[in-house]
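Here is a short tour of a protein model, written to be read alongside the sequence and the coordinates. Feel free to keep the viewer open as you go.

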Amino acid sequence: MSASRTTLLACAILAMTACAASVPSDKVPPVWVTSEGAIVDVPAAAPAPAPAAMAPSVHVAVNDKDLVWGDAPPFLPPGAKAVLVSGDPTKAGGFVIRMKAPAGYKIPAHFHPGDEAVTVLGGTFLIGMGDTFDTSKMKALTAGGYMLMPAGHHHFAACGAGGCYVQVHGTGPFGMTYLNPADDPMKKMH
Ligand SMILES: [Cu+2]
């Protein structure tokens, strides 16, 4: 890491007023600091416009208590409740889902066509990577915890003590493929 990057990292961690003295504000490029403390430059150029095929965004501002819950979609094992907070997972574009399930709820090994991001809102969410469900390989995430599962990565999940309440976001179209077809709840329905 270069000296200037080290300075930027320190600036990002300290209060902004502490940085103003050492780095003129007009010389500090916009940066993000990652979860591991790395610096990511924010490009000066504007992002490319969204593809025309993408579903238009719709304004959402909702409190947790006002969400209307239903049974989770049938591609998830039964027992979970879910609500689509924004977007449409069946179309191109961003979506946000919330899901609640009781302690002991399990999702067998599977993968998705796009990245899957999970933010834990309550309880304990257990996540593991690999081709078969293995409790010993799982990490427990609690409220405020976050997980990003890259597209195509094999993983499995469960709810720990207190059940789990998670927010899932990603970019559609969303899909779910179970590594063992016998685990697919859609197939079990027929
Ligand atoms: Cu998943």
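Strands, like helices, are taken here as DSSP runs numbered from the N terminus, a strand being a run of E with at least two residues. With that in hand, W69 can be placed in the loop between β2 (39-41) and β3 (70-71). Please bear in mind that this is a predicted model.

**Confidence and layout**

The average pLDDT of the protein chain is 85, and 79% of the residues reach at least 70. Residues 6-23 are another matter: their pLDDT is below 50, although the stretch has 17 contacts in the model beyond near neighbours in sequence. Where pLDDT is low, the predicted coordinates should not be read in detail.

The protein chain holds three helices and eleven strands. Read from the N terminus, the order is α-α-β-β-β-β-β-β-β-β-β-β-β-α. Among contacts with a separation of 6 or more, 65% link residues 24 or more positions apart. Of the chain's 190 residues, 17% count as buried.

**Around W69**

Is W69 buried or exposed? W69 is exposed, because 11 other C-beta atoms lie within 10 Å, and the exposed class takes in counts of 12 or fewer. Leaving aside neighbours within four places in sequence, W69 is in contact with K81 and V83. The C-alpha atoms of W69 and R98 are 9.0 Å apart, with their positions 29 residues apart along the chain counted as separation.

**Strand pairing**

β5 pairs with both β4 (residues 81-86) and β10, as the table sets out.

| Strands | Sense | Bridges |
|---|---|---|
| β4 and β5 | antiparallel | five bridges |
| β5 and β10 | antiparallel | nine bridges |

Within the first pairing, A82 has M99 of β5 as its bridge partner. β4 and β5 form a hairpin with six residues between them, and G87 in that turn has a positive phi of about 80°. On the β10 side, A101 stands opposite C164.

**The nonpolar core**

Which residues touch the most other members of the largest nonpolar core? They are F125, A157 and V166, in a core of 22 residues. β5 (93-101), β6 (106-111), β7 (116-129) and β10 (155-172) each supply at least two of the core residues. The largest share, seven residues, comes from β10.

F125 deserves its own look. Setting aside neighbours within four places in sequence, F125 is in contact with V118, V120, L141, G145, A157, C159, C164 and V166. As general background, nonpolar side chains tend to be buried together in soluble globular proteins.

Key
Residues numbered from 1 in each chain as written. Core = buried A, V, L, I, M, F, W, Y, C linked by C-beta atoms within 7 Å. Buried ≥ 20, exposed ≤ 12 C-beta atoms within 10 Å, placed from the backbone. Helix = DSSP H or I, 4+ residues; strand = E, 2+ residues; numbered from the N terminus. Contact = placed C-beta atoms within 7 Å. pLDDT = per-residue confidence, 0-100. Pairing = 2+ DSSP bridges.
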